[in-house]
Amino acid sequence: MKSTLLEKHRYANGVVKIRFSPSDRKFFETIKAHGLKIERAELINGVPATKQVVNASLKAFDMNDTSLWMPLFRRNKQKYAPVYQLLYNASSHDKDPNRALKQQNLAHDLLMLLCDQDKYAAIASGLYFLDSTLKSNTKYVYQVSSMVGKQTIILRTFTLETHHNDPEPALCDLQTTCANGRQYLMWNADSVKQDYSGFVLE
């Protein structure tokens, strides 16, 4: 199966937030090493204007850069220490190659789940980008590329319009009940399944 870079974005109040998700572990290791180049151009009558580099190399935090990791650990060490471990200590010591591969793939899947549920985990993994340099009432095309082997490959292209806000949808039909000293929450998850892959209760 061909490796792909998935993307999800949301525009509101002059800012677009973009999250990326590589389709498999080996592909993630490639873009983690080389970073993602993000370019943007205005679309004028459907034709792209001159491209502008908005991020030359979106990368995961360097494993030895304490200036980036320590603020996260101070924020919540219990939450972000596993992100560090999954990014840089996911190799398996199992002598069975099949089990070792399964463990490495599981570590990757867990990291992607953490990134999907937490913005700072995604930032630390090089999978989150925020662009606040947009004009209102404008249509843009974004191009995301990276080095794959010895070539620069375009991984993703998508368009964005800044005519109106596209806020994250609220949960519908949230209900609470209390029974036997416990509080139960229920909501319609099917209505937002295209926007959220999980929920965090705090």
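His108 has its place in helix H3, where helices (H or I, at least four residues) and strands (E, at least two) are DSSP runs numbered from the N terminus. The model is a predicted one, in which local features need pLDDT of at least 70 and side-chain atom pairs count only at pLDDT 80 or more, while totals for chains, interfaces and linings use all residues. Residues are numbered from 1 along each chain as its sequence is written, and side-chain values use heavy atoms, with hydrogens and water left out.

His108 is buried, with a relative accessible area of 6%; buried means under 20% relative accessible area, exposed means over 50%, and partly exposed lies in between, with a 1.4 Å probe and protein chains only. Leaving aside neighbours within four places in sequence, His108 is in contact (heavy atoms within 4.5 Å) with Pro22, Asp24, Arg25 and Phe28.

**Overall fold and core**

The protein has four helices and ten strands, and along the sequence they follow the pattern β-β-α-β-β-β-α-α-α-β-β-β-β-β. Of its 202 residues, 32% count as buried. Among the contacts with a separation of 6 or more, 54% join residues 24 or more positions apart.

A nonpolar core is a set of buried Ala, Val, Leu, Ile, Met, Phe, Trp, Tyr and Cys residues joined through side-chain atoms within 4.5 Å. The largest such core has 39 residues, and Phe20, Trp69 and Tyr142 touch the most other members. Helix H2 (residues 66-88) supplies the largest share of this core, nine residues. Phe20, not counting residues up to four places away in sequence, touches Leu5, Leu6, Glu7, Leu36, Ile38, Leu58, Leu127, Phe129 and Val144.

**Spaces in the model**

On a 1 Å grid over the protein atoms alone, a cavity is a set of points where a 1.4 Å probe fits but cannot get out, whereas a pocket is an open set with protein on both sides within 12 Å along at least five of seven lines, and lining residues have an atom within 4 Å of a point. Grid points are joined across faces, edges and corners, and a volume is the space filled by probe spheres set on the points.

Phe20 appears again at the second largest pocket, which is lined by 14 residues, with Lys8, Arg19, Phe20, Ser21 and Asp116 nearest its centre. The volume of this pocket is about 250 Å³. Strand S1 (5-12), strand S2 (15-22) and helix H3 (97-117) each supply at least two residues of the lining, and the largest share, four residues, comes from H3.

The count comes to one cavity of 30 Å³ or more, and the largest cavity has a volume of about 40 Å³. Phe28, which is in contact with His108, is one of the residues that line this cavity. Helix H1 (residues 25-34) gives the most to the lining of the cavity, with three residues.

**Two loop residues**

Most residues other than glycine have a negative phi. The table lists two residues with a positive phi that are not glycines.

| Residue | Phi | Loop | Relative accessible area |
|---|---|---|---|
| Asn13 | about 55° | between S1 and S2 | 67%, exposed |
| Asn45 | about 55° | between strand S3 (36-44) and strand S4 (47-48) | 77%, exposed |

**Cysteines**

The structure holds zero disulfides, a disulfide being a pair of cysteine sulfur atoms within 2.5 Å. Cys115 is buried, with a relative accessible area of 5%, whereas Cys178 is exposed, with a relative accessible area of 59%.
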